[in-house]
Amino acid sequence: MSPMEPVFYQGSQTKAMFPLLECREVTTCRQALKLLLSLDDPKESTKARVLAFLASEKRRLLPSTTSVDPLDSIFDSLSVGSREEAIGIAIQAHLFDLASSIASSQHGRPEVSTSLSDRKDDLLACDRKLLRIYKAIAGDLTYENNLFRGGELSLSWHCRLAMRLWQQDHTSIESILQEFGADVDKGRVPAPKSGYSDDDFDVVYKMIQLLDGKSSSITRAAAPSGYSDRSHDYCDAFFLVSVASLVFKDAAISDYEAESIVDSFASQLCAIG
């Protein structure tokens, strides 16, 4: 029996742990736990669950504001994959061609890309906001990369990843995450830094990256530097590894790693008394 096993629940029972974790002081850690619990729900595809979580994170971190410009509202919805909402806004604003293009993007983008090519001259002269929307629904990754590099109209890493998940409907989540990770390294997308260490990424991003088929270390993903300025505080790491080990069953945890986490947490409990 693994040293980690005695304290873990099985399958969807991980939700029984959630009330205890909800009161943790570190908000980012709590969000990582919410992500893990959402991944434990088999009702939707993994890609759909990650997209829904990223959308909720965007709404939490950057609440939508009422804009008099429907193009702003449409892009705001598209940035987290809410295409139905974007279509509704476009129809209300009498932007029927745009609504039709967004609807078409749900069934593959060849016709949208063709339409963009046919209307290239018109689009070059049109509103930049409208151009950005058309580029998004056509699945043009380069356009947002260039905006980020130019330091303008930048989206958070949550939105950039969410856009890729819905833009690349027929691409596996593993491939999307591998490509996104490569673009992070190349500076094409915002680096999901933890805010506590210049050398580590946000724990939420690291947990999502465990789905890429290559990342395998749950203990590294749960390192305190990803969510706390207390680098030796393994209290939250203990709970994160506990839940993550159930969700990512293919990501092995060695006995040494498990014992290190348990010993670190036990030492803290003893210190507290």
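# Pockets, rings and helices

Guide: F201, Y205, K206, Q209 and S215 lie nearest the centre of the second largest pocket, which 16 residues line in total. The model is predicted, so local features need pLDDT of at least 70 and side-chain atom pairs pLDDT 80 or more, while totals for chains, interfaces and linings use all residues. Residues are numbered from 1 along each chain as its sequence is written, and side-chain values use heavy atoms, without hydrogens or water.

Visitor: What makes an open set of points a pocket?

Guide: A 1 Å grid is laid over the protein atoms alone. A pocket is an open set of points with protein on both sides within 12 Å along at least five of seven lines. A residue counts as lining when it has an atom within 4 Å of a point. The second largest pocket has a volume of about 340 Å³. That volume is the space filled by probe spheres set on the points, with points joined across faces, edges and corners.

Visitor: Which elements each supply at least two residues of that lining?

Guide: They are α12 (173–185), α13 and α14 (218–221). Helices are DSSP runs of H or I with at least four residues, strands are runs of E with at least two, and numbering starts at the N terminus. By class, the lining has five nonpolar, five polar and six charged residues. Ala, Val, Leu, Ile, Met, Phe, Trp, Tyr, Cys and Pro count as nonpolar; Asp, Glu, Lys and Arg as charged; the others, Gly among them, as polar.

Visitor: Why is the pair of W157 and Y205 called edge-to-face?

Guide: A search of the whole structure finds four aromatic pairs. In one of them, W157 and Y205 sit 5.4 Å apart centre to centre, with 80 degrees between the planes. Rings of Phe, Tyr and Trp (its six-membered ring) pair if their centres lie within 6.5 Å; planes under 30 degrees apart are stacked, over 60 edge-to-face, the rest tilted. The centres pass the distance test and the angle is over 60, so the label is edge-to-face. W157 is in helix α11 (residues 157–167) and Y205 in helix α13 (residues 203–209), so the pair ties together parts 48 residues apart in sequence.

Visitor: What makes W157 count as buried?

Guide: Its relative accessible area is 7%. Buried means under 20%, exposed over 50%, partly exposed in between (1.4 Å probe, protein chains only). W157 is therefore buried. Y205, at 4%, is buried too. F201 and Y205 also form an edge-to-face pair, with 5.4 Å between centres and 80 degrees between planes. F201 is at 24%, so it counts as partly exposed. Ring pairs link W157, F180, F201 and Y205 into a cluster.

Visitor: Why is H94 called exposed?

Guide: H94 has 60% relative accessibility, so it passes the limit for exposed. H94 lies in the loop between α5 (83–92) and α6 (96–104). Its phi is positive, about 65 degrees, although H94 is not a glycine.

Visitor: What makes a set of points a cavity?

Guide: A 1.4 Å probe fits at the points but cannot get out. The structure holds one cavity of 30 Å³ or more. The largest cavity has about 50 Å³ of space. Its lining is A136, D140, L141, E144, R160, M163, R164 and Q167. α10 (141–149) and α11 are the elements that give two or more residues. α11 gives the most, with four. The lining has three nonpolar, one polar and four charged residues.

Visitor: Why is helix α9 called largely enclosed by the rest of the structure?

Guide: Seven of the ten residues of α9 (residues 128–137) are buried, so the description fits. They are L130, L131, R132, I133, Y134, A136 and I137. G139, just after α9, has a positive phi of about 75 degrees.

Visitor: How many disulfides does a search of the whole structure find?

Guide: Zero. A disulfide here is a pair of cysteine sulfur atoms within 2.5 Å. C29 is buried at 0% relative accessibility, and C159 is buried at 2%.

Visitor: How many helices and strands does the protein have?

Guide: It has 16 helices and zero strands. Of its 273 residues, 48% count as buried. Among contacts (heavy atoms within 4.5 Å) with a separation of 6 or more, 61% join residues 24 or more positions apart.
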